[in-house]
Amino acid sequence: MGSVAASLTIHQLLGRIVYFHALFIEPSLLPSAPRRPGPVCCNHGPEPDRGTIGELLTDSAWAALVEVATTLPAHDHQCPKAKDACCATCRVVAAAAAVGAGWALTEHRSYQRAEPAETLLRSCELATAARLGRAFATQHAARCPALDRLTESEALPGAEELPLTGELLALWASPITDVHHPVANWLNHCTGLDDVRRVLETRRTDS
């Protein structure tokens, strides 16, 4: 796949995250305790030679992912030594993890009216971090040992359980090699998570 086509696909998918977050997730977020700073990024280790935030992330479309993550309770705040020389891939991985866990938590509370299992949140967190992190690292040739250590769980929600999170995970499974045309499905006709919940309840009743 050409780099231009890959870049367009990734920009489209990042835009989808911003759209879903602004329209569905952010209005339904519940207050939470402030988070402590996240772990020191890999660029502050013994051999810091990774692509930096100043080089790869600032003024990039990927910066929108970080902005979305900062609104979520699951977000690990930036590296305590944060500066432009921090590893850009570490920052993307942390932001993606927050999106995966934050969306799954918000959706589950809205549809099921209950707290989700910790295993579900962890699975969504790891899968989102790994998939978006790999896309970023591949696009920018920005290898990161923290990303290399991530492993995905098989217990991931589908579109009939958590539609926003399920679509997020499906679309980012292989965005560098798969061309994603503009995404249009029944979610585009909803105006909030209450609409989504009503559709899900109708589908479950009819099945």
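Is His 21 buried or exposed? At 3% relative accessibility, His 21 counts as buried. Keep in mind as you look around that this is a predicted model.

**Around His 21**

His 21 is part of helix α1. Leaving aside residues up to four places away in sequence, its contacts are Glu 26, Pro 27, Val 68, Thr 71, Leu 72 and Trp 103. Trp 103 is a good name to remember, since it is also listed among the residues with the most contacts inside the largest nonpolar core.

**The core and helix α4**

That core has 55 residues, and Trp 62, Leu 65, Leu 164 and Trp 172 join Trp 103 as those with the most contacts inside it. Several helices contribute: α1 (3-25), α2 (53-56), α3 (63-69), α4, α5 (118-140), α7 (163-171) and α8 (193-206) each supply at least two residues. The most comes from α4, which gives 13 residues.

Helix α4 itself covers residues 88-112, 25 residues in total. From its first C-alpha to its last it reaches 36 Å, close to the 36 Å expected at 1.5 Å a residue. Most of α4 is covered, with 22 of its 25 residues buried. Just past the end of this helix, Arg 113 has a positive phi of about 60°.

**How α1 meets α7**

Two packed helices are described by the angle between their axes and the distance between the axes. Here, the axes of α1 and α7 come within 11 Å and cross at roughly 175°. Angles over 145 degrees count as roughly antiparallel, and α1 and α7 are therefore roughly antiparallel to each other.

On the α1 side, the residues that meet α7 are Leu 13, Arg 16, Ile 17, Phe 20, Phe 24 and Ile 25. Their partners in α7 are Leu 164, Glu 167, Leu 168 and Leu 171. Leu 164 touches Phe 20, Phe 24 and Ile 25, and its other contacts include Trp 103, Glu 107, Tyr 111, Leu 187, Leu 193 and Val 196, not counting residues up to four places away in sequence.

**Cysteines without a bond**

How many disulfides are there? The count comes to 0. A disulfide needs two cysteine sulfur atoms within 2.5 Å, and the table shows the distances for two cysteines.

| Cysteine | Closest cysteine sulfur | Distance |
|---|---|---|
| Cys 41 | Cys 86 | 4.0 Å |
| Cys 90 | Cys 144 | 3.7 Å |

For Cys 90, the 3.7 Å to the sulfur of Cys 144 is too far for a bond. Cys 41 is buried, with a relative accessible area of 7%, and Cys 90 is buried as well, at 15%.

How values were computed:
Residues are numbered from 1 along each chain as its sequence is written. This is a predicted model: local features need pLDDT of at least 70, side-chain atom pairs count only at pLDDT 80 or more; totals for chains, interfaces and linings use all residues. Side-chain values use heavy atoms; hydrogens and water are left out. Helices (H or I, at least four residues) and strands (E, at least two) are DSSP runs, numbered from the N terminus. The expected span of a helix is 1.5 Å times one less than its number of residues. Buried means under 20% relative accessible area, exposed over 50%, partly exposed in between (1.4 Å probe, protein chains only). A nonpolar core is a set of buried Ala, Val, Leu, Ile, Met, Phe, Trp, Tyr and Cys residues joined through side-chain atoms within 4.5 Å. Contact means heavy atoms within 4.5 Å. Axes are lines fitted to C-alpha atoms, for helices over the stretch in contact, and angles run from 0 to 180 degrees between N-to-C directions. Angles under 35 degrees count as roughly parallel, over 145 as roughly antiparallel, 65 to 115 as roughly perpendicular and the rest as oblique.
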